[in-house]
Amino acid sequence: MNSETVHVATGRRKSAVARIRLSPGSGQVQINKRPLEDYFGRATSRMVVQQPFELVELVGRFDVHANVRGGGLSAQAAAIRHGITRALMLSDGQLRPALKKAGY
């Protein structure tokens, strides 16, 4: 993957829609221009967002910029997870079997 490559994907859950930009970086996650910790107060929601990276052992290698609308916070977290999963599959197609098996 080229160091300048940015992968864009959309994730959905119920009525929540998340637009994700995934770029090589240090693992920073921004949601609606706010850090992950500020946007999601519950540790469970923060964990849901990080699950795809933990599964494929890429924690800290990508920066995520997400814009999310609609739904509740739980559905928004799941929509972001879905978008991150789709962006990861765009970056490396060989990640698909593991991500699909996990149901992301």
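Phe 53 and Phe 62 are both buried, where buried means under 20% relative accessible area, exposed over 50% and partly exposed in between, with a 1.4 Å probe and protein chains only. This is a predicted model, so to speak up front: local features need pLDDT of at least 70, side-chain atom pairs count only at pLDDT 80 or more, and totals for chains, interfaces and linings use all residues. Residues are numbered from 1 along each chain as its sequence is written, and side-chain values use heavy atoms, with hydrogens and water left out.

**Aromatic pairs**

A pair of aromatic rings is described by the distance of the centres and the angle of the planes. Here, rings of Phe, Tyr and Trp (its six-membered ring) pair if their centres lie within 6.5 Å; planes under 30 degrees apart count as stacked, over 60 as edge-to-face and the rest as tilted. Two such pairs turn up in the structure. Tyr 39 and Phe 40 have ring centres 5.0 Å apart and planes at 90 degrees, so they make an edge-to-face pair. Tyr 39 counts as buried because its relative accessibility is 13%, and Phe 40 counts as buried at 1%. Phe 53 and Phe 62 make a stacked pair, with 6.4 Å from centre to centre and 25 degrees between the planes.

**The cavity**

Phe 53 and Phe 62 also help line the largest cavity, together with Gly 27, Val 29, Gln 50, Leu 58, Val 59 and Gly 60. A cavity is a set of points, on a 1 Å grid over the protein atoms alone, where a 1.4 Å probe fits but cannot get out, and lining residues have an atom within 4 Å of a point. The structure holds one cavity of 30 Å³ or more. Its volume, meaning the space filled by probe spheres set on points joined across faces, edges and corners, is about 40 Å³ for the largest cavity. The lining has five nonpolar, three polar and no charged residues; Ala, Val, Leu, Ile, Met, Phe, Trp, Tyr, Cys and Pro count as nonpolar, Asp, Glu, Lys and Arg as charged, and the others, Gly among them, as polar.

**The sheet and its turns**

Five strands form an open, mixed sheet in the order E1-E2-E5-E3-E4. Strands (E, at least two residues) and helices (H or I, at least four) are DSSP runs numbered from the N terminus, and two strands pair if DSSP finds at least two bridges between them. Strand E1 (7-13) and strand E4 (34-35) stand at the edges with a single partner each, so one side of each has no neighbour in the sheet.

E1 runs antiparallel to strand E2 (residues 16-24), joined by seven bridges, and Thr 10 sits opposite Arg 19 in E2. Strand E3 (residues 29-31) and E4 are antiparallel too, with two bridges; Ile 31 has Arg 34 of E4 as its bridge partner.

Some residues around these turns have a positive phi:

| Residue | Phi | Place |
|---|---|---|
| Lys 14 | near 55 degrees | hairpin of E1 and E2, two residues between the strands |
| Asn 32 | about 50 degrees | loop between E3 and E4 |
| Lys 33 | about 65 degrees | loop between E3 and E4 |

Asn 32 is partly exposed at 27% relative accessibility, whereas Lys 33 is exposed at 76%.

**Helix H3**

The 19 residues of H3 (residues 73-91) should span 27 Å, and the end C-alpha atoms are 27 Å apart, which agrees; the expected span is 1.5 Å times one less than the number of residues. Among its buried residues are Ala 75, Ile 80, Ile 84 and Leu 88.

Note on methods
1 Å grid on protein atoms, 1.4 Å probe; cavity = no way out; pocket = protein on both sides within 12 Å on 5 of 7 lines; lining within 4 Å.
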